[in-house]
Amino acid sequence: MKTVSARALFIACAVAAAGLVGAPQAIAADAHNHGAQTPALKLNAGSKWQTDAPLREGMLKIRANVEPKLDAIHGGRFTTAQYEAMGKAVDAQLAYIVGNCKLAPEADAVLHNVIAELSGGAEVVAGKQPVDDRSKGVVHIVNALNSYGQYFDHPGWKPVNAGH
């Protein structure tokens, strides 16, 4: 059975949504370089962007998977298997969000930045990107979670305390 990463699913959806299904593969080759396709993180005329239930659910599950483990990660007690499981869990929630979240186009475009950082972090955590320290991927995930709370209206959301 072939599995598809959240990043691949995200890129496929973004390309399809933009009507670029037949465009050069270079568009999808660099998921971190959204360039002109994705606006920078910004507020909606000074207000946070609206969210929907699938987005809030997925983000809460990502947070619940990461935040309680930060002490073990900081203490160097997190195993390779635990990092891999975390990466898979984040990818699963990203796939859920991409498949179910229905935001206004402007909010969705801004959300792509958060999704891209979460996906990049999940790849590092899962070992799909070669790094000397998988905790660097956790930093990206925590930063993305905090950006989400800063730019999206999620009642009760509080910044993730990274423990630094």
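Among the contacts in this chain between residues at least 6 apart in sequence, 76% join residues at least 24 apart. The model in which these contacts are counted is a predicted one, and its secondary structure comes to 7 helices and 0 strands, so that the pattern read along the sequence is α-α-α-α-α-α-α. Of the 164 residues in the chain, 40% are buried.

How such helices lie against one another can be put into a few words and numbers. Two packed helices are described by the angle between their axes and the distance between the axes. With that in mind, we can go through three pairs of helices in turn.

The pair to begin with is α5, which covers residues 80–100, and α6, which covers residues 105–126; they pack at an angle of about 155°, with their axes 7 Å apart. An angle over 145 degrees counts as roughly antiparallel, and α5 and α6 are therefore roughly antiparallel to each other. Their crossing is left-handed. On the side of α5, the contact is made by Tyr83, Glu84, Met86, Gly87, Val90, Asp91, Leu94 and Ile97, while α6 contributes Ile115, Leu118, Ser119, Ala122, Val125 and Ala126. Sorted by class, the residues of this contact are 10 nonpolar, 2 polar and 2 charged.

Two residues of α5 show how places separated along the chain are arranged in space. Thr80 lies in helix α5, and with a relative accessibility of 47% it counts as partly exposed. Although Thr80 and Val125 are 45 residues apart in sequence, their C-alpha atoms are 8.8 Å apart in space. Gly99 also has its place in helix α5, and Gly99 is partly exposed, with a relative accessible area of 45%. From Gly99 to Leu55 there are 44 residues in sequence, and the distance in space is 10.0 Å, C-alpha to C-alpha.

Leu55 leads us to the next pair, for helix α3, residues 53–66, also packs with α5, here at an angle of about 175° and with the axes 9 Å apart. By the reasoning used before, α3 and α5 are therefore roughly antiparallel to each other. In this contact, Pro54, Leu55, Glu57, Gly58, Met59, Lys61, Ile62, Asn65 and Val66 of α3 meet Met86, Ala89, Val90, Gln93, Leu94, Tyr96, Ile97 and Asn100 of α5. The classes represented in the contact of α3 with α5 are 11 nonpolar, 4 polar and 2 charged residues.

Helix α3 has a further partner in α7, and these two pack at an angle of about 140°, with their axes 11 Å apart. Because this angle does not go over the limit of 145 degrees, α3 and α7 are described as oblique to each other. Their crossing is left-handed. Here Leu55, Arg56, Met59, Ile62, Arg63 and Val66 of α3 meet Val138, Ile141, Val142, Leu145 and Tyr148 of α7, and the contact has 9 nonpolar, no polar and 2 charged residues.

Tyr148, which lies in helix α7, deserves a separate look. Is Tyr148 buried or exposed? At 0% relative accessibility, Tyr148 counts as buried. Once residues up to four places away in sequence are set aside, Tyr148 touches Thr51, Leu55, Arg56, Met59, Val114, His154 and Trp157. Tyr148 and Trp49 are 99 residues apart in sequence, yet 9.6 Å apart in space, C-alpha to C-alpha.

From the pairs of helices we can turn to the core. In soluble globular proteins, nonpolar side chains tend to be buried together. In this model the largest nonpolar core has 33 residues, of which Met59, Ile62, Val66, Leu118, Val138 and Phe152 touch the most other members. At least two residues of this core are supplied by each of α3, α4 (70–74), α5, α6 and α7 (135–151), and the largest share, 8 residues, comes from α6. Which residues does Leu118 contact, leaving aside its neighbours within four places in sequence? Leu118 is in contact with Met59, Ile62, Val90, Leu94, Ile141, Ala144 and Leu145.

A last stop is the loop between α2 (26–29) and α3, where Ala45 lies. Ala45 has a positive phi of about 55°, although it is not a glycine, and with a relative accessible area of 78% Ala45 is exposed.

Note on methods:
Residues numbered from 1 in each chain as written. Predicted model: local features only at pLDDT ≥ 70, side-chain atom pairs only at ≥ 80, totals over all residues. Heavy atoms only, no water. Axes fitted to C-alpha atoms, helices over the stretch in contact; angles between N-to-C directions. Helix = DSSP H or I, 4+ residues; strand = E, 2+ residues; numbered from the N terminus. Parallel < 35°, antiparallel > 145°, perpendicular 65-115°, else oblique. Left-handed = near helix turned anticlockwise from the far one by under 90°. Contact = heavy atoms within 4.5 Å. Nonpolar A, V, L, I, M, F, W, Y, C, P; charged D, E, K, R; others polar. Core = buried A, V, L, I, M, F, W, Y, C linked by side-chain atoms within 4.5 Å. Buried < 20%, exposed > 50% of the residue type's maximum accessible area, 1.4 Å probe, protein only.
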